[in-house]
Amino acid sequence: MSWGTELWDQFDNLEKHTQWGIDVLEKFIKFVKERTEIELSYAKQLRNLSKKYQPKKNSKEEEEYRYTSARAFLATLNEMNDYAGQHEVISENMTSLITGELTRYVQELKQERKSHFHDGRKAQQHIETCWKQLEASKRRFERDCKEADRAQQYFEKMDADINVTKADVEKARQQAQLRHQMAEDSKAEYSSTLQKFNSEQHDHYYTHIPHIFQKIQEMEERRIVRIGESMKTFAEVDRQVIPIIGKCLDEITKAAESIDHKNDSQLVIEAFKSGFEPPGDVDFEDFTQPMKRTVSESSLSNSRADGRPEPKFGGKSKGKLWPFIKKNKGAGPEDFSNLPPEQRRKKLQQKVDELNRDIQKEMDQRDALTKMKDVYIKNPQMGDAASVDHRLAELGQNIEKLRLEVQKFEGWLAEVEGRLSMRSEARRQSGLYEAQNSSAVNSCAQDRESSPDGSYTEEQSQETEMKVPATDFDDEFDDEEPLPTIGTCKALYTFEGQNEGTISVAEGEMLYVIEEDKGDGWTRIRRNEDEEGYVPTSYVEVYLDKNAKGAMTYI
């Protein structure tokens with residue numbers, strides 16, 4: 001069974017059939033591609049569905065997953081996520097093993113088919129050319145024979161006519177002989193062309209065309225085998241993930257079987273049990289006598305009474321405005337001197353770290369430009385070395401400016417750290433923090449501690465006030481006598497007191513000290529009976545009266 005012998009005259013039909021075979025292959029490729037897209041879309045929807053019903057972190061839903069039914073549902077969600085992953089595997093394997101491979105094979109098949117049919121058309125054109133040559137030789141032989149007959153008849157006519165001269169008769173005879181010779185030559189050429197054509201035709205239909213059609217047949221059979229193998233792969237890709245999908249389903253079944261309805265019921269009891277006894281029987285109420293009603297001590301009415309909130313300590317909040325309540329967020333001094341010492345130290349350290357990072361960035365840029373300049377010097381065709389000099393100079397200036405800034409902030413930082421260490425040592429020696437936590441002094445000091453952003457808030461002081469039981473301290477605080485003067489101070493710099501509890505001072509102004517720095521970086525001063533408040537200790541020079549050993553200066 002060979003196409004070359006059975007279908008020797010079906011060139012056009014074979015061309016159409018092989019094109020149909022390629023179309024079928026491309027249709028199958030498109031089908032598999034759409035299947036992979038469906039698998040990906042399905043996997044994505046499954047993942048989104050699983051994510052949608054996952055418990056949110058730090059939410060009430062997390063508490064619900066102590067129940068076995070909720071945990072089983074969570075396990076189902078996780079297994080569905082793995083189930084979706086297997087559909088992604090199906091899509092990936094079909095894309096790589098079928099779509100990609102068949103796409104490349106179709107391109108090769110098209111090129112091979114084009115080559116075979118090109119050879120077939122070339123053979124057909126050759127045999128058609130041979131046939132045309134044979135027809136031309138045949139017509140020429142036929143024409144020469146007719147011309148020879150006419151010349152012979154003309155010679156015989158001239159030879160029979162007595163009025164024709166001998167010369168004319170001889171001329172007619174020579175013409176007849178010439179035409180006979182031409183006819184013989186045409187006959188020989190026609191015979192030779194005919195033999196050649198018959199040989200070419202035999203080779204065409206028994207050698208060339210069978211050989212070409214055999215190649216086309218083999219190509220088509222390979223295509224059929226290939227599409228069959230691809231269909232097997234299509235099924236095998238699905239079959240490979242069936243065990244894993246089955247395992248996911250087994251895990252879902254296992255999670256469902258782990259549900260313990262008795263355990264969940266017990267958890268409900270533990271979660272909502274009030275501990276009260278049910279109410280007792282309701283006695284008959286005789287309205288002719290004072291009502292007597294015995295109610296269980298643990299009745300619902302008692303439970304409501306017991307449910308009343310207990311009075312809170314420190315209930316008499318007087319809405320005090322504690323010092324340093326931040327009014328606005330305007331830009332403070334460059335050295336953060338408006339902040340308490342610890343907050344100031346943190347801000348200065350952050351600023352130093354930030355400047356060091358900026359210096360490192362600038363140095364990295366400078367190193368990169370220096371290397372580029374070296375490359376330009378060694379290879380001038382790559383660029384002009386002088387073009388980067390201006391940028392290098394700018395980077396050098398920037399680095400120098402940043403280093404000066406670092407030195408400035410490091411100086412302030414060292415000053416603050418030194419002062420903090422000195423004050424810590426002083427506190428340890430004097431036993432300042434050995435007092436009881438419930439004392440009013442410590443309560444006020446805690447209220448004045450700064451928040452992480454360096455501001456003092458009313459909420460902090462209210463929280464502290466709520467934590468301290470209501471004592472006579474509140475009344476004493478409200479009705480306390482004005483603090484006595486313990487010294488004087490001179491303002492070294494102008495300070496704009498923009499926060500609640502602070503006071504503005506002008507450079508060189510003399511004021512009274514009523515409370516020295518307790519380690520938070522602030523000193524309490526008084527201008528007159530109605531004006532007093534806090535200023536940064538670093539802004540004033542303090543002179544204590546009799547308790548100080550001479551003049552004490554905080555700079």
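**View 1. Helix α5 and its span.** The expected span of a helix is 1.5 Å times one less than its number of residues. With that in hand, here is helix α5 in this predicted model. Helix α5 has 92 residues, and from its first C-alpha to its last it reaches 133 Å. That is close to the 136 Å expected at 1.5 Å a residue. Look along the helix to His 204, where α5 bends by about 45°.

**View 2. Helix α4 and its kink.** Now to helix α4, which covers residues 68–160 and has 93 residues. The distance from the first C-alpha of α4 to its last is 135 Å, close to the expected 138 Å. Where is the kink in α4 centred? Thr 95 is the residue to find, and the kink there is of about 35°.

**View 3. Helices α4 and α5 side by side.** This view brings together α4 and helix α5 (residues 166–257), whose axes come within 7 Å. The two axes cross at roughly 170°. Because angles over 145 degrees count as roughly antiparallel, α4 and α5 are described as roughly antiparallel to each other. What kinds of residues make up the contact of α4 with α5? They divide into 46 nonpolar, 19 polar and 23 charged.

**View 4. A salt bridge from helix to helix.** Side chains of opposite charge can pair when their charged atoms come close. Here Glu 189 forms a salt bridge with Arg 140. The closest N and O atoms of this pair are 2.4 Å apart. Glu 189 sits in helix α5 and Arg 140 in helix α4, so you are looking at a link between distant parts of the chain, 49 residues apart. The model's count of salt bridges comes to 23.

**View 5. The five-stranded sheet.** Here is an open sheet of five strands, with antiparallel pairing. Reading across it, the order is β4-β3-β2-β1-β5. Which strands stand at the edges? They are β4 (532–536) and β5 (540–544), each with a single partner strand, so one side of each is left without a neighbour in the sheet. From one strand to the next, the twist averages 40°.

**View 6. Strands β3 and β4 up close.** Zooming in on one edge of the sheet, we meet β4 beside strand β3 (residues 522–526). The two run antiparallel and are joined by five bridges. To get your bearings, start from Trp 522, whose bridge partner in β4 is Pro 536.

Definitions and conventions:
Residues numbered from 1 in each chain as written. Predicted model: local features only at pLDDT ≥ 70, side-chain atom pairs only at ≥ 80, totals over all residues. Heavy atoms only, no water. Helix = DSSP H or I, 4+ residues; strand = E, 2+ residues; numbered from the N terminus. Bend = angle between axes of the 7 residues up to and from the residue. Pairing = 2+ DSSP bridges. Axes fitted to C-alpha atoms, helices over the stretch in contact; angles between N-to-C directions. Parallel < 35°, antiparallel > 145°, perpendicular 65-115°, else oblique. Nonpolar A, V, L, I, M, F, W, Y, C, P; charged D, E, K, R; others polar. Salt bridge = Lys/Arg side-chain N within 4 Å of Asp/Glu carboxyl O.
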